[in-house]
Amino acid sequence: MTGSLARVLRRLRPGGAKGPADGFDRRLLAPMMLGSALNPVNSSIISVSLVPIGAALGAWPSRTAWLISALYLATAIGQPVVGRLIDLFGPRRLFLAGTALTGVAGVVGMLAPDLGVLIVARVLLGFGTCSGYPAAMYLIRSEARRTGKESPAGVLTALAVTTQTIAVIGPSLGGLLIGVGGWRATLAANIPLAAAGLYLGARRIPATPASRRDDGRHGVSDLDLPGMGLFSVALVCLLLFLMNPGGGDWYLPVLTLAAAAGFTWRELRARQPFIDVRVLGGNLPLVATYVRALLCYVVTYAFLYGYTQWTEEGRGLSASQAGLVQLPLFTIAIVVSTLTGRHQAVRGKLLVGAVGQIAACSLLFLLHADSPVWMLLAVVIVLGIPQGLNGLALQNAVYHQADAERIGSSAGLLRTFGYLGAIVASAANGAFFGRHVDTQGLHHLAWFMFAVSILFLALTVADRSLRRIGAAEGEPRHTDR
């Protein structure tokens with residue numbers, strides 16, 4: 001754990017590990033942070049694994065891109081579904097089940113004989129890592145209810161810093177693991193992580209009874225299975241189309257629109273909808289936050305996968321060297337998050353983050369196959385600033401804008417939009433690079449990222465509701481609707 005993160009944790013509350021009964025229970029922090037880290041580590045560690053996996057299994061970049069999309073497809077569907085289950089049944093059961101599935105996926109990936117089985121392992125990882133983040137957000141909200149006061153801002157900061165740390169350190173860790181044990185070691189790493197998660201979850205996350213309705217029936221009867229099914233169909237069709245938009249699969253957008261229409265019709269009539277579209281439609285600031293998350297993570301993941309692959313194939317670095325190039329990004333992001341995390345205002349963070357993304361995209365146009373290492377480092381240093389600001393600001397926005405009774409599913413939906421962005425980024429990488437990752441493809445990708453960053457900035461400037469979040473003590477949790 002970094003010194004910066006340790007200082008954030010020490011500020012959460014004085015006293016011992018357990019702390020006073022009216023304060024946030026610090027024993028929850030370890031399972032919260034480990035559970036939330038499982039998805040980012042598997043998202044980022046694959047960035048330096050794609051080239052050696054492709055070489056070992058004889059797959060082009062356009063095929064290995066499915067290793068990225070498989071995880072995000074599963075997670076984009078699973079996050080809000082699991083989040084809703086956590087809202088109804090509490091976090092402990094779902095946390096333990098998801099962590100166990102993550103360990104199983106690590107074993108399958110480690111032993112995978114071909115690309116197809118490896119993609120299956122990544123799907124299992126996607127579903128297995130769904131529970132950590134919604135469970136953490138649920139625990140933060142439940143502690144606020146228990147103590148009668150908002151959880152310390154440092155708790156949300158610690159959660160954001162942890163996921164950012166893991167996401168950025170993932171390439172360096174992946175390079176190290178590949179150097180020691182080959183690309184299979186990056187999958188095997190999930191086994192000890194899952195074991196630690198199971199231990200911490202069983203020991204520290206409190207058991208909560210399933211919610212009951214007024215008539216005494218368990219919350220399981222409130223599960224909107226048709227809504228979940230239609231939501232999943234719409235996402236699958238959309239993401240399959242995005243992975244190959246020029247493939248002639250014209251029926252996929254049609255199926256996406258049909259499933260989305262059926263989903264909306266169902267949710268408007270369901271007694272306990274999976275996603276309450278009436279509330280969501282009336283909470284435009286929250287919808288805008290989800291759209292910003294999609295745009296933000298298009299740029300983040302296009303950089304993470306596209307730039308990292310280019311440093312290996314286009315610039316000629318080894319997997320370990322490509323991972324080390326990412327370290328300044330990790331350092332800058334953590335410092336920025338730590339310094340700004342105590343302030344809950346989000347608008348300034350998003351504005352600076354948007355400008356930082358534009359600047360980082362602009363620097364990509366200066367790179368070529370013979371660029372010195374200091375130029376490679378300059379790009380990631382600049383990107384470290386928005387990396388440290390955007391994720392924290394988006395998370396805080398959802399925490400304040402979402403309905404408290406649906407915080408699990410709302411947090412899951414934030415991740416879903418982020419993973420939609422990752423899928424778009426993966427599709428863009430496949431489209432601009434094709435069979436070879438070269439400098440021309442990087443520059444084409446940079447133009448795409450630049451345009452998305454401009455749109456992200458425009459949406460942030462136009463959203464006046466962001467001014468109210470963290471503007472003053474005692475402000476209501478919901479922004480203008």
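Where is R342 found? It's in the loop between helix 16 and helix 17 (347-364), and it turns up again in one of the close-ups below. Everything shown here comes from a predicted model.

**Figure 1. The whole chain is built from helices, with 20 of them and 0 strands.**
Of the 481 residues in the chain, 56% are buried. Take the contacts between residues at least 6 apart in sequence: 82% of them join residues at least 24 apart. The views that follow pick out a few of these helices and some individual residues.

**Figure 2. Here's the largest nonpolar core, which has 108 residues.**
Y72, Y307 and L367 are the residues with the most contacts inside this core. Helix 14 (residues 284-313) gives the most to the core, contributing 14 residues. For a look at what surrounds Y307, skip its neighbours within four places in sequence: the contacts are then A302, V325, Q326, L364, L367, L376, V379, V380 and L442. So L367, another of the residues with the most contacts in the core, is also a contact of Y307. As a bit of background, nonpolar side chains tend to be buried together in soluble globular proteins.

**Figure 3. Helix 14 is a mostly covered helix.**
Out of its 30 residues, 24 are buried. The length checks out too: at 1.5 Å a residue, the 30 residues of helix 14 should span 44 Å, and the end C-alpha atoms sit 43 Å apart, which agrees.

**Figure 4. Helix 4 (residues 61-89) and helix 5 (residues 91-110) cross at roughly 140°.**
The axes of the two helices come within 7 Å. Angles over 145 degrees would count as roughly antiparallel, so at roughly 140° helix 4 is oblique to helix 5. On the helix 4 side, V82, L85, I86 and F89 meet P91, R93 and L94 from helix 5. Sort the residues of this contact by type and you get 6 nonpolar, no polar and 1 charged.

**Figure 5. Helix 5 is shown with the helices that cover its buried residues.**
P91, L94, F95, G98, T99, T102, G103, A105, G106 and G109 are the buried residues to look for in helix 5. Their cover includes helix 2 (29-44), helix 4, helix 6 (115-128), helix 7 (132-147), helix 9 (184-188) and helix 10 (190-204). As for length, the 20 residues of helix 5 should span 28 Å at 1.5 Å a residue; the end C-alpha atoms are 28 Å apart, which agrees.

**Figure 6. L187 in helix 9 touches residues that include G106 and G109.**
Not counting residues up to four places away in sequence, L187 touches G106, G109, M110, L118 and L125. G106 and G109 are themselves among the buried residues of helix 5. Is L187 buried or exposed? With a relative accessibility of 3%, L187 counts as buried, since the cut-off is under 20%. Looking further along the chain, L187 and N42 are 145 residues apart in sequence, yet their C-alpha atoms are 8.2 Å apart in space.

**Figure 7. T64 is a buried residue of helix 4.**
The relative accessible area of T64 is 2%, so it counts as buried. What does T64 touch, not counting residues up to four places away in sequence? The residues are L50, G54 and A59.

**Figure 8. This view takes in T340 and R342, around helix 16 and the loop that follows.**
T340 is found in helix 16 (residues 327-340). With a relative accessible area of 21%, T340 is partly exposed, because buried would need a value under 20%. Leave aside its neighbours within four places in sequence, and T340 is in contact with K349, L389 and L392. T340 and T157 are 183 residues apart in sequence, and 8.7 Å apart in space, C-alpha to C-alpha. R342, in the loop between helix 16 and helix 17, has a relative accessible area of 59%, so it's exposed. R342 and G154 are 188 residues apart in sequence, with a C-alpha to C-alpha separation of 6.2 Å in space.

Conventions
Residues are numbered from 1 along each chain as its sequence is written. This is a predicted model: local features need pLDDT of at least 70, side-chain atom pairs count only at pLDDT 80 or more; totals for chains, interfaces and linings use all residues. Side-chain values use heavy atoms; hydrogens and water are left out. A nonpolar core is a set of buried Ala, Val, Leu, Ile, Met, Phe, Trp, Tyr and Cys residues joined through side-chain atoms within 4.5 Å. Buried means under 20% relative accessible area, exposed over 50%, partly exposed in between (1.4 Å probe, protein chains only). Helices (H or I, at least four residues) and strands (E, at least two) are DSSP runs, numbered from the N terminus. Contact means heavy atoms within 4.5 Å. Axes are lines fitted to C-alpha atoms, for helices over the stretch in contact, and angles run from 0 to 180 degrees between N-to-C directions. Angles under 35 degrees count as roughly parallel, over 145 as roughly antiparallel, 65 to 115 as roughly perpendicular and the rest as oblique. Ala, Val, Leu, Ile, Met, Phe, Trp, Tyr, Cys and Pro count as nonpolar, Asp, Glu, Lys and Arg as charged, and the others, Gly among them, as polar. The expected span of a helix is 1.5 Å times one less than its number of residues.
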